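Work through the exercises below with the sequence and the structure side by side, and try each task before you read its solution.

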Amino acid sequence: MSAMTVTVRIPTTLRPLTAGAATVSTSGATVADVLDDLEARHPGLRERVLDESGALRRFVNVFLDDEDVRFLDGPGTTVPDGSTVAIVPAVAGGAGV
């Protein structure tokens, strides 16, 4: 399977890691792959979204084309080519993002 092109929307609090970019293009077959590719391009980003076990942090929501991936397959959610992944800090909760 070839790499899929995905757009990732970056929240303001994480933009220092992406040189201020609000969106970045990346690739990956799953949400976890997309986050791994983001980490390779923008070190420090993955750890702000996933915990040590690879699960989504409580205070971060990740959406695939407006669907919360927690209600899909979490980080294992398949990402179709041309999709948009949005990283969204929770409105209330812990610090970090």
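The exercises that follow concern a predicted model, and they move from the overall layout to single residues.

**Exercise 1. The elements of the chain**

Task: Find how many helices and strands the chain has, and state in what order the elements run from the N terminus on.

Solution: Begin by counting the elements, which gives two helices and five strands. Then follow the chain from the N terminus, where the elements run β-β-α-α-β-β-β.

**Exercise 2. The sheet**

Task: Determine the order of the strands in the sheet, and identify the edge strands.

Solution: The sheet is open and has five strands, arranged in the order β2-β1-β5-β3-β4 with mixed pairing. To identify the edges, look for strands that pair on one side only, and you arrive at β2, residues 23–27, and β4, residues 67–68. Next, take one pair from the sheet: β3, residues 60–64, and β5, residues 84–89, run antiparallel to each other and are joined over five bridges. One of the positions to look up in this pair is Asn 61, whose bridge partner in β5 is Val 88. As background, strands of a sheet pair through backbone hydrogen bonds, in either a parallel or an antiparallel way.

**Exercise 3. A helix across the sheet**

Task: Describe which strands helix α1 lies across, and list which of its residues are buried.

Solution: Helix α1 covers residues 31–41 and lies across β1 (5–9), β2, β3 and β5, while its direction makes an angle of about 115 degrees with β2. Now go through the helix residue by residue, and you find that Val 31, Ala 32, Val 34, Leu 35, Asp 37 and Leu 38 are buried. The cover over these buried residues includes β1, β2, α2 (45–49), β3 and β5.

**Exercise 4. The nonpolar core**

Task: Find which residues of the largest nonpolar core touch the most other members, and which element supplies the largest share of this core.

Solution: The largest nonpolar core has 21 residues, and the members that touch the most others are Val 8, Val 49, Val 62 and Ile 87. At least two residues of this core come from each of β1, α1, α2, β3 and β5, and the largest share, four residues, is supplied by α1.

Continue with two of these members in turn. With residues up to four places away in sequence not counted, Val 8 touches Ala 22, Thr 23, Val 24, Thr 26, Val 34, Leu 38, Val 85 and Ile 87. Val 62, which is found in strand β3, counts as buried because its relative accessible area is 0%, where the cut-off for buried is under 20%. Beyond its neighbours within four places in sequence, Val 62 is in contact with residues including Val 31, Val 49, Leu 56 and Val 85. Finally, compare sequence with space: Val 62 and Val 88 are 26 residues apart in sequence, yet their C-alpha atoms are 6.1 Å apart.

**Exercise 5. Salt bridges**

Task: State how many salt bridges the structure holds, and work out where the partners Asp 36 and Arg 46 lie.

Solution: The structure holds three salt bridges. In one of them, the side chains of Asp 36 and Arg 46 meet at 2.6 Å, N to O; Asp 36 belongs to helix α1 and Arg 46 to helix α2, 10 residues apart, and the pair links distant parts of the chain. Both ends are partly exposed, with Asp 36 at a relative accessible area of 39% and Arg 46 at 26%.

A second salt bridge joins the side chains of Arg 41 and Asp 37 at 2.7 Å, N to O. These two residues both lie in helix α1, four residues apart, which is about one turn of the helix. An α-helix has 3.6 residues a turn, so residues three or four places apart point the same way. Within this pair, Arg 41 is partly exposed at 47%, whereas Asp 37 counts as buried at 18% relative accessibility.

A further salt bridge is formed by the side chains of Arg 57 and Glu 52, at 3.7 Å, N to O, and Glu 52 counts as exposed because its relative accessibility is 75%.

**Exercise 6. A loop residue**

Task: Decide whether His 42 counts as buried or exposed, and find which residues His 42 touches.

Solution: First locate His 42, which is found in the loop between α1 and α2. His 42 has a relative accessibility of 15%, and therefore counts as buried. Leaving out residues up to four places away in sequence, His 42 touches Leu 17, Thr 18 and Val 24.

Methods:
Residues numbered from 1 in each chain as written. Predicted model: local features only at pLDDT ≥ 70, side-chain atom pairs only at ≥ 80, totals over all residues. Heavy atoms only, no water. Pairing = 2+ DSSP bridges. Contact = heavy atoms within 4.5 Å. Axes fitted to C-alpha atoms, helices over the stretch in contact; angles between N-to-C directions. Buried < 20%, exposed > 50% of the residue type's maximum accessible area, 1.4 Å probe, protein only. Core = buried A, V, L, I, M, F, W, Y, C linked by side-chain atoms within 4.5 Å. Salt bridge = Lys/Arg side-chain N within 4 Å of Asp/Glu carboxyl O.
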